[in-house]
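Please open the model in your viewer, colour it by chain, and keep the sequence panel at hand. The stops below are meant to be followed in order, with a selection to make at each one.

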Amino acid sequence: MRRALTGADSGAGTGASRAWWRLPVEWWWQSLPLRVISSVFGASVIVLVLGGFLLMRQASLGVMEAKRESVGIEARQALDAAQQQLNSADLTGDPNPDKKLTELALRFANRSGGSDQYDVIIISGGQTTTAGDVAATSVPDNLRAQVATSDDLLMAPTEVIYRDDTEPVPGIAAGSGLTLPGTGRYEIYFIFPLTQQVNILGVLQTAVITTGAILVVLLTFIAALVARQVVVPIRAARRAAESLASGNLDDRMKVRGRDDLARLATSMNYMASELQKQISQLEELSRVQQRFVSDVSHELRTPLTTVRMAAEVLYEARDDFDPIAARSAELLQTELDRFEALLTDLLEISRFDAGAAVLSVSEVDLRDIVTRVLDGTAQLAETSGSQIRVHAPEPAVAEVDARRIERVLRNLVVNAIEHGEGRPIDILVVADDHAIAVAVRDHGFGFEAAQAKLVFHRFWRGDPARARTVGGTGLGLAISMEDANLHRGWLTAWGRPGMGAQFRLTVPRRAGGVIESSPLPLVPRDLVLSTLADGIGKPVPALDPAPAVDSEAQRSDPTKLGSGPVAAGSSPASPPPAAPSPVPPSPVSPSPSDAAGAQR
Amino acid sequence: MVDDDAALAEMLSLVLRNEGFEPIWCAHGDKAVEAYHDARPDLVLLDLMLPGKDGVAICRELRAESLVPIVMLTAKSDTIDVVAGLEAGADDYVAKPFKAKELIARIKTRLRRSPEEVDQETLRIGDLVINVDGHTVKRNGAAIQLTPLEFDLLLALARKPWQVFSREVLLEQVWGYRHAADTRLVNVHVQRLRSKIERDPEHPEIVVTVRGIGYKAGEQT
């Protein structure tokens, strides 16, 4: 569901500015493996970065500590040696003690093996003597300040700056005071570059990063494998469930191993087989039931035929009977009609239930069917005093099963006559390009809005207290609904207490077509028009100046229409009513000729 | 009258006698054809569901040897049985529970001997020559055997070769139904008629289908 929705959203192209982040988000929610893999990837990157960082920190601390110690030892040895040499040397009277110092420095520097293990800088007063390539600026100022006041060997980290263009490297500077007898105090500094340590740490860092990257890739891959292992059976389960839901009850999952996933598959299969069992049991029951209803109906027919003929014989001869027997014969006759109608309807319903009902479509004009229905019900209408007016100005040809549509319309008309209280009944036939709607409007008792669906229930009675006059079977509207469904059409009811009712049948023009809207609103047109007029506060505007509209509008009681939302509030019947307001009331033309035509 | 239900048979007998018919009752499917041979009735009322041989089989056997009108009695008007019965040669059917009047009307229609229009001697339709009085149809002098119903159907079309007949109109003229009835009757019998009179029933020239409306007589050749 989520997939479908988000897919539809992004498919709708809500604009590139919003779409760019939607796609990853969509993927994220769509794919469990993606989430697992991304999570593992993210977590392992964090862990490895932290681990690498700690490792590097430990390693560099260790390396540096060792170097510091060796630097301390070497610097002390060199210092002692230098002091001894200076003590033994006789510089008194030497015009150039600096030269001596330079030699000394060079000797130290050379003694360090020429491997640049350290360089020496000797500073006396303003003069600086260096051995090696290091610049005097390599000595940090704070070290010099400390050395100036102390005779201890002091050390400080520094940046080794070379006099040539060699890049500066980190290093350690060790420094101490050096007393030259007779001349005074010198400062001697030993500069130890950390090139080797930096190199070692660099190699180590590279190794850590490489290992980390490989580990991340491997972990992600493993996560993908694991996710796949979990997801593949889950997807199989999903597919199996979907397949089951779509009716393939024989589908089963493969069970491999004895793990949780295997048990999931086992449970799914168990569920499927239980479902299958239940469904086939229900199907069997329903089949037996339908078969039984059908058989009963058929078996009843032969004795009913005999009874019916016997009753006819009695009925024909009733003039010769005493009044009680004569009346009994009459009752027998009429009730047999009802019995037979009930049996027929029952059989028809069982046919629908069994799915045995099929359409035999042909192209017919629904107005002809209406005419036929009115021919058949003219006597009934006359008895009840209902005037039936047909408003069918234009051809309404559709591919329908004429027998079924006639049955539906007869049901609706008989229903309207039965509940119409002798008031006029309007029949509207309106066509558009895709559908044809026939509405039967009566102005009788009506019914509660909440009953708009109930009226189609089998054997439903609106008001149990009300006596049946026509004596329908109680299955008429249920069968009509089935007939409409068979056409892929709509049959909807609208009613309000005291305002009558309207039943609207909508069928597609082409057999198998799909209706999206009905050419007629669900709410009776006369009410729509009059509420429209009420709302504006004046008679129906220049929408259609035909007098027919006015007469339509006037027919309904305006006091009842005062309860505003009544007409606008659609009943909860299945399809929403077409927007009522813009419907031009052109087809409504209750001219006397139409009415007369309907009265034939 | 072939029906296994004794009560219905007795009731039918009463009603039919009252109308001046002489019913003969046969209760078992296996004995129906034999009973027909013995009695040579003018019309057969045939229940479709019978012990022994079923109604459709009996219908086929009777039709193979005779043109006698056959009216089926059936409890299942919606099933394939009805079409099977009509295809086997039944002229008409009455669905249970029927009214006595309805049945009598059906029987009388089938027994009607076109009393009107004795003035017309012969009609031509396609390359067929219809002798109305003699109830015969000939092609190039060779007689074609038609049941009375098939003859009526052909005659109805031949009398007004310019007119297209809807199935409903044919039902009214040939079968005597005043209200809309089962149009399968027309379809099946037009097929049966074509199989007898058309040179190529797949491409009919005498009884032509007018799509969406009905049938008409073919052009004069």
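Where in chain B is the place of B:Pro97? Select B:Pro97 and you will find this residue in the loop between strand 3 (92-95) and helix 5 (100-111) of chain B. Bear in mind from this first stop onward that you are looking at a predicted model. Now add B:Lys96 to the selection and show the backbone atoms, since a cis peptide bond joins B:Lys96 and B:Pro97, with omega at about -5°. As background to this stop and to the next two, most residues other than glycine have a negative phi, and most peptide bonds are trans.

Stay in chain B and move to B:Arg40, which has a positive phi of about 50° although it is not a glycine. The selection should take you to the loop between helix 2 (32-39) and strand 1 (44-47) of chain B. B:Arg40 counts as exposed because it has 9 C-beta neighbours inside 10 Å, the cut-off for exposed being 12 or fewer.

Cross to chain A and select A:Phe459, where phi is near 55°, again a positive value in a residue other than glycine. A:Phe459 is found in the loop between strand 10 (435-442) and helix 11 (476-486) of chain A, and it has 8 C-beta neighbours inside 10 Å, so it counts as exposed.

With chain A now in view as a whole, you can take in its 16 helices and twelve strands. Of the 600 residues of chain A, 30% count as buried, and among the contacts in this chain with a separation of 6 or more, 69% are accounted for by residues 24 or more positions apart.

Next, select residues 32-55 and then 200-226 of chain A, the two spans at which UniProt, in an unreviewed entry, places the feature "transmembrane region". Residues 32-55 of chain A are 100% helix and 0% strand, with the end C-alpha atoms 34 Å apart. Residues 200-226 of chain A are likewise 100% helix and 0% strand, and the end C-alpha atoms of this span lie 38 Å apart.

Follow helix 6 (residues 195-245) of chain A to A:Ala241, which lies in that helix. A:Ala241 counts as partly exposed because it has 15 C-beta neighbours inside 10 Å. If you draw a distance from A:Ala241 to A:Met253, C-alpha to C-alpha, it should read 9.4 Å, for two residues that are twelve apart in sequence.

Now select helix 9 (residues 366-384) and helix 10 (residues 402-419) of chain A, whose axes come within 9 Å and cross at roughly 30°. Helix 9 of chain A is therefore roughly parallel to helix 10 of chain A, an angle under 35 degrees being what that description requires. The crossing of these two helices of chain A is right-handed. To see the contact, show side chains including A:Leu366, A:Ile369, A:Val373 and A:Leu380 from helix 9 of chain A, and A:Ile405, A:Leu409, A:Val413 and A:Ile417 from helix 10 of chain A. The residues of this contact between helix 9 and helix 10 of chain A divide into twelve nonpolar, three polar and three charged.

Finish where the two chains meet, at a contact that takes 14 residues from chain B and 14 residues from chain A. On the side of chain B that touches chain A, helix 1 (residues 6-18) of chain B gives the most, with four residues. That side of chain B has, by class, eight nonpolar, one polar and five charged residues.

Notes. Residues numbered from 1 in each chain as written. Chains lettered and ligands numbered in written order. Predicted model: local features only at pLDDT ≥ 70, side-chain atom pairs only at ≥ 80, totals over all residues. UniProt positions renumbered as here; feature names shortened; annotations may be inferred. Axes fitted to C-alpha atoms, helices over the stretch in contact; angles between N-to-C directions. Parallel < 35°, antiparallel > 145°, perpendicular 65-115°, else oblique. Left-handed = near helix turned anticlockwise from the far one by under 90°. Contact = placed C-beta atoms within 7 Å. Nonpolar A, V, L, I, M, F, W, Y, C, P; charged D, E, K, R; others polar. Buried ≥ 20, exposed ≤ 12 C-beta atoms within 10 Å, placed from the backbone.
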